[in-house]
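Work through the exercises below with the model on screen. Try each task before reading its solution.

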Amino acid sequence: KNSFVISMDTWLLDLRFVWGAKQRAMHGAYFGNVQPAGSSQMYFSFLANVLSAKVSHRIIPLQTASANGAMALIAKKLRPDLMYIDASHSNPDVFIDYENLFTILRPGGVMAVDDVDLVPAVRQSFQALCKRYNLKATYKPGDRKNQAWVLKPLHFD
């Protein structure tokens, strides 16, 4: 009842999708709102979906890069119980995001990640995070290990 979602993204898309007709064609309508001038209209689609679902009172969109968003969470002393990270898909960005956001996550919280099996940079960064902090990864069943999560130990801080 008292929970809310902070949705942090640039909503700019990977330039491969902005500039590459082949990549857009492979992913269908999901990336169909990319403009030829190099900009994405995904943020406005996101806002329209939030309003349509009547959940604007529970979702706080932060249109920012992840490093800036992480600093905002620190400045406001916000330590989320759950983070779902769909990272940038390139290193060192992914690794830096995982490190920053895992540090901010409340002890006992869960960090879930997307594209673990699909994207080598994500897989390598996630495995490195698990190894560094001796975390046990749990993978979503039947999903080719594409989504996973870790529990931040209560004693961690």
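Two bridges link E5 to strand E6 (residues 148–151), and the pair runs antiparallel. This is a predicted model: local features need pLDDT of at least 70, side-chain atom pairs count only at pLDDT 80 or more, and totals for chains, interfaces and linings use all residues. Residues are numbered from 1 along each chain as its sequence is written, and side-chain values use heavy atoms, without hydrogens and water.

**Exercise 1.** Place the E5–E6 pair in its sheet.

Solution. Start with the terms: strands (E, at least two residues) and helices (H or I, at least four) are DSSP runs, numbered from the N terminus. Two strands pair if DSSP finds at least two bridges between them. Next, take one bridge: Tyr 139 partners Ala 148 in E6. Then read the order: E3-E4-E6-E5, an open sheet of four strands with mixed pairing. Finally, find the edges: E3 (82–85) and E5 (138–139) each have a single partner strand, so one side of each lacks a neighbour in the sheet.

**Exercise 2.** Find what helix H6 (residues 120–133) touches in the sheet.

Solution. Use contact (heavy atoms within 4.5 Å). H6 packs on the sheet and touches E4, E5 and E6.

**Exercise 3.** Which residues of H6 are buried?

Solution. Apply the cut-off: buried means under 20% relative accessible area (1.4 Å probe, protein chains only). Ala 121, Val 122, Ser 125, Phe 126, Leu 129, Cys 130 and Tyr 133 are the buried residues of H6. They span an arc of only 160 degrees around the axis, which puts them on the same side of H6. The arc uses directions from the helix axis to the C-beta atoms. Their cover includes H5, E4, E5 and E6.

Methods. Axes are lines fitted to C-alpha atoms, for helices over the stretch in contact, and angles run from 0 to 180 degrees between N-to-C directions. Buried means under 20% relative accessible area, exposed over 50%, partly exposed in between (1.4 Å probe, protein chains only).
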